[in-house]
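Good morning, colleagues. Please bring up the sequence and the structure on your screens, and I shall take you through the fold and then the ligand site.

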Amino acid sequence: MTDASRRGRLSGRVALITGASRGIGRAIALRYAEEGADLFLTATSRPKLEETKTLAEAQGARTVLHCADVSERSAVEGMVGAAVAAFGRIDVLVNNAGIYKAARLVDYKAEDFDRIMKVNLYGAFHVMQFVLRHMQAQKRGKVVNIASTAGKWGSSNQSAYNASKHALVGLTRCAAVEMGTYGINVNAICPGFVETDMLEALREHASILGIPSEKVIEGILARVPLKRFMQPQEIAHLAVYFGSSESDGMTGQSIVLDGGMVMA
Ligand SMILES: NC(=O)c1ccc[n+]([C@@H]2O[C@H](COP(=O)([O-])OP(=O)(O)OC[C@H]3O[C@@H](n4cnc5c(N)ncnc54)[C@H](OP(=O)(O)O)[C@@H]3O)[C@@H](O)[C@H]2O)c1
């Protein structure tokens, strides 16, 4: 049972959030808690996930944790089953788990390419497939896929990541077409550079280019009209909109949130 006394834009909703242990996923979990949602939070490792749970419970959210690697289909099936067993339904799915590795295309190790696709693309596919089966039966639901500006344009040293995020944008559009008649909205958020652990990858990028990280950051910010990186909470604000009834008229969209770097 959800607590009806908790008011907010997501009051009475149950959200399954992947990659909720830190960064953007944690920020979304805490904004969702603030807006009245109950939470089923997942990641591969437990300690940081426990920290998110403590913070979410301080906002009054009923919170259940589950550790699973989204690239493992059977683990995902168990994870979605556990969410339904815990709450009886899933109203919002936030597909946020993701990894990054910088390398030039000609040097990219096939096993690294494979791993990024397995987590960023197949992971989202597995979770969506099992959750959408429940949402179809419920005849309502919201899916929020965390893609990237890398799903909208090309850039150096990120071919696998870029390919995975372009594919996630495509998956979002196809799911939106198939799910519309069930009252299910499927949208994506395409963040630009967000201050999380993932930004450490800029160091790899700088070392491949043979320049200091500061130069890479300078080069990026020169292309960002707002002249700063995004904060995880800014992505979470948009995720609240996509998880709430305010976005009932929107589906199949992939919205860039990046300080104006990519206008697409
Ligand atoms: N930061 C950026 O600049 C940026 C920009 C655009 C898009 N994004 C996207 O935003 C999402 C979140 O990124 P972030 O910056 O918050 O990254 P982050 O701080 O590195 O966090 C990644 C999250 O994903 C989880 N995760 C990683 N591999 C997983 C797996 N195989 N199965 C389940 N969970 C897994 C991690 O949990 P564990 O450590 O416990 O596994 C962690 O909770 C990603 O999809 C990323 O591509 C980020």
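Isoleucine 17 stands opposite valine 94 in strand β4. I begin with this pair, in what is a predicted model, since it belongs to the pairing of β1 with β4, which is parallel and runs over three bridges. In general terms, the strands of a sheet pair through backbone hydrogen bonds, in either a parallel or an antiparallel arrangement.

How are the two faces of β4 placed? Both are covered. Val92 and Val94 lie on one side, Leu93 and Asn95 on the other, and all of them are buried. On to the next neighbour: β4 and β5 run parallel and are joined by four bridges, and within that pairing valine 92 stands opposite lysine 142 of β5. The connection between these strands is made by a helix, and β4, α4 and β5 together form a right-handed β-α-β unit.

Let me turn to the other side of β1. Strand β1, residues 14–18, pairs with β2 in the parallel sense over five bridges. Valine 14 has aspartate 38 of β2 as its bridge partner. Here too there is a right-handed β-α-β unit, composed of β1, α1 and β2.

Why is β2 described as largely enclosed by the rest of the structure? Strand β2 covers residues 38–43, and six of its six residues are buried, so the description follows. Asp38, Phe40 and Thr42 point one way from the strand, while Leu39, Leu41 and Ala43 point the other way, and all are buried.

From β2 we move to β3, residues 63–67. These two strands also pair in the parallel sense, over five bridges, and leucine 41 has leucine 65 in β3 as its bridge partner. With helix α2, residues 46–57, strands β2 and β3 make a right-handed β-α-β unit.

We may now assemble the sheet. In what order do the strands lie? Seven strands form an open sheet in the order β3-β2-β1-β4-β5-β6-β7, with parallel pairing. The edge strands are β3 and β7, the latter being residues 254–257, and each pairs on one side only. From one strand to the next, the twist averages 15°.

Two helices deserve attention as they lie across this sheet. Helix α4, residues 110–138, lies across β1, β4, β5 and β6, and runs at about 170° to β4. Helix α5, residues 159–179, lies across β5, β6 and β7, and runs at about 165° to β6.

Within α5, I would draw your attention to serine 164. Is serine 164 buried or exposed? Serine 164 counts as buried because 27 C-beta neighbours lie inside 10 Å. Setting aside neighbours within four places in sequence, serine 164 is in contact with Ile116, Met117, Asn120 and Leu121. By contrast with those contacts, glutamate 57 lies 33 Å away from serine 164, C-alpha to C-alpha, with their positions 107 residues apart in sequence.

Next, some backbone details. As a general rule, most residues other than glycine have a negative phi. Lysine 139, in the loop between α4 and β5, has a positive phi, near 60°. Lysine 139 is exposed, with 10 other C-beta atoms within 10 Å. Asparagine 157 also has a positive phi, near 65°, and is found in the loop between β5 and α5. Unlike lysine 139, which is exposed, asparagine 157 counts as buried, with 20 C-beta neighbours inside 10 Å.

One further loop position is glycine 210, between α6 and α7. Glycine 210 is exposed, with 7 other C-beta atoms within 10 Å. The C-alpha atoms of glycine 210 and glycine 252 are separated by 39 Å, and the two residues are 42 apart along the chain.

Finally, the ligand. Which residues are closest to the ligand? They are Gly19, Gly23, Thr44, Gly98 and Thr196, in a shell where 27 residues surround the ligand. By class, that shell has twelve nonpolar, twelve polar and three charged residues. Helix α1, residues 23–34, gives the most to the shell, with three residues. That same helix is the one in the right-handed unit with β1 and β2.

Thank you; I shall be glad to take questions.

Technical notes: Residues numbered from 1 in each chain as written. Predicted model: local features only at pLDDT ≥ 70, side-chain atom pairs only at ≥ 80, totals over all residues. Near = placed C-beta within 6 Å. Nonpolar A, V, L, I, M, F, W, Y, C, P; charged D, E, K, R; others polar. Buried ≥ 20, exposed ≤ 12 C-beta atoms within 10 Å, placed from the backbone. Pairing = 2+ DSSP bridges. Right-handed = clockwise from strand over helix to strand, strands pointing away. Axes fitted to C-alpha atoms, helices over the stretch in contact; angles between N-to-C directions. Contact = placed C-beta atoms within 7 Å.
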